[in-house]
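Q: Please take a close look at the aromatic pairs of this predicted model, and carry the account on to whatever lies around them. I would like the cut-offs stated as the terms come up.

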Amino acid sequence: VNQHLGNETPLHFGNIDQIKANLQQRIASLTTAATTNLPEKHALLAQFVEKINKRGGRVIFLVMPTSGMIREIENRKYPKALFWDPLTHTIPATMIRNSEHAALSNFYCPDGSHLDYRDKARFTAAFASIAGLTRR
């Protein structure tokens, strides 16, 4: 959580409850990330995706599950309406946001940003099904 807040130095103060309270306070004060030149960045990304598509490739954008404070940080810094939604209207690719699919939305990440290793096969199968991927 500390790293997602942009701090590389480890936390060395107080007990776990004090640390959690401090992190929650810092999360509550977060503002939305800069959206400077977002349309231009999306257009450039769309060009790259088009090149891949023209060569027979297939691009899939996937928002992986997160949990707890990490999810709070992402939601505050990168609101869906400002970052994901415009991207889905600009990029010629398969766009999968885990929270928009029941089969992908119920995964818990023990550290906030990584799936439990026991969930990898179930997550992969659900993702492949939603993306329309099949074994060759």
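**Aromatic pairs and their setting**

A: Taking rings of Phe, Tyr and Trp (its six-membered ring) as paired if their centres lie within 6.5 Å, with planes under 30 degrees apart called stacked, over 60 edge-to-face and the rest tilted, the count comes to 2 aromatic pairs. One of them joins Y78 and F83, whose ring centres are 5.3 Å apart and whose planes meet at 85°, an edge-to-face arrangement. On a scale where buried means under 20% relative accessible area, exposed over 50% and partly exposed in between (1.4 Å probe, protein chains only), Y78 is partly exposed at 41%, whereas F83, at 15%, is buried. The other pair is that of F107 and F123, with 5.2 Å between the ring centres and 80° between the planes, so this pair is edge-to-face as well. It bridges distant parts of the chain, since F107 belongs to the loop between α5 (102-105) and α6 (120-131) and F123 to helix α6, 16 residues apart; helices (H or I, at least four residues) and strands (E, at least two) are DSSP runs numbered from the N terminus. F107 and F123 are both buried.

Residues are numbered from 1 along each chain as its sequence is written, and in this predicted model local features need pLDDT of at least 70, with side-chain atom pairs counted only at pLDDT 80 or more, while totals for chains, interfaces and linings use all residues. Side-chain values rest on heavy atoms, with hydrogens and water left out.

The loop that holds F107 also holds D119, which is buried at a relative accessible area of 16%. If contact means heavy atoms within 4.5 Å, then D119, with its neighbours within four places in sequence set aside, is in contact with F107 and Y108.

Y78, from the other pair, leads to the largest pocket, because Y78 is among the lining residues that lie nearest the centre of that pocket, together with V63, E74, W84 and R97. On a 1 Å grid over the protein atoms alone, a pocket is an open set of points with protein on both sides within 12 Å along at least five of seven lines, as opposed to a cavity, where a 1.4 Å probe fits but cannot get out, and lining residues have an atom within 4 Å of a point. The largest pocket holds about 440 Å³ of space, where grid points are joined across faces, edges and corners and the volume is the space filled by probe spheres set on the points. Its lining comprises 24 residues, divided into 11 nonpolar, 7 polar and 6 charged; Ala, Val, Leu, Ile, Met, Phe, Trp, Tyr, Cys and Pro count here as nonpolar, Asp, Glu, Lys and Arg as charged, and the others, Gly among them, as polar. At least two lining residues come from each of α2 (38-54), β1 (60-63), α3 (68-77) and α4 (80-90), and α3 gives the most, with 5.

Helix α2, one of those contributors, includes P39, exposed at 58% relative accessibility, and K54, exposed with a relative accessible area of 72%. The C-alpha atoms of K54 and K41, 13 residues apart along the chain, are separated by 20 Å. In the loop between α1 (16-28) and α2, N37 has a positive phi of about 60° although it is not a glycine. Most residues other than glycine have a negative phi. N37 is partly exposed, at 43%.

As for the whole chain, the elements run α-α-β-α-α-β-α-α from the N terminus on, which makes 6 helices and 2 strands. Of its 136 residues, 27% count as buried. Among contacts with a separation of 6 or more, 66% join residues 24 or more positions apart.
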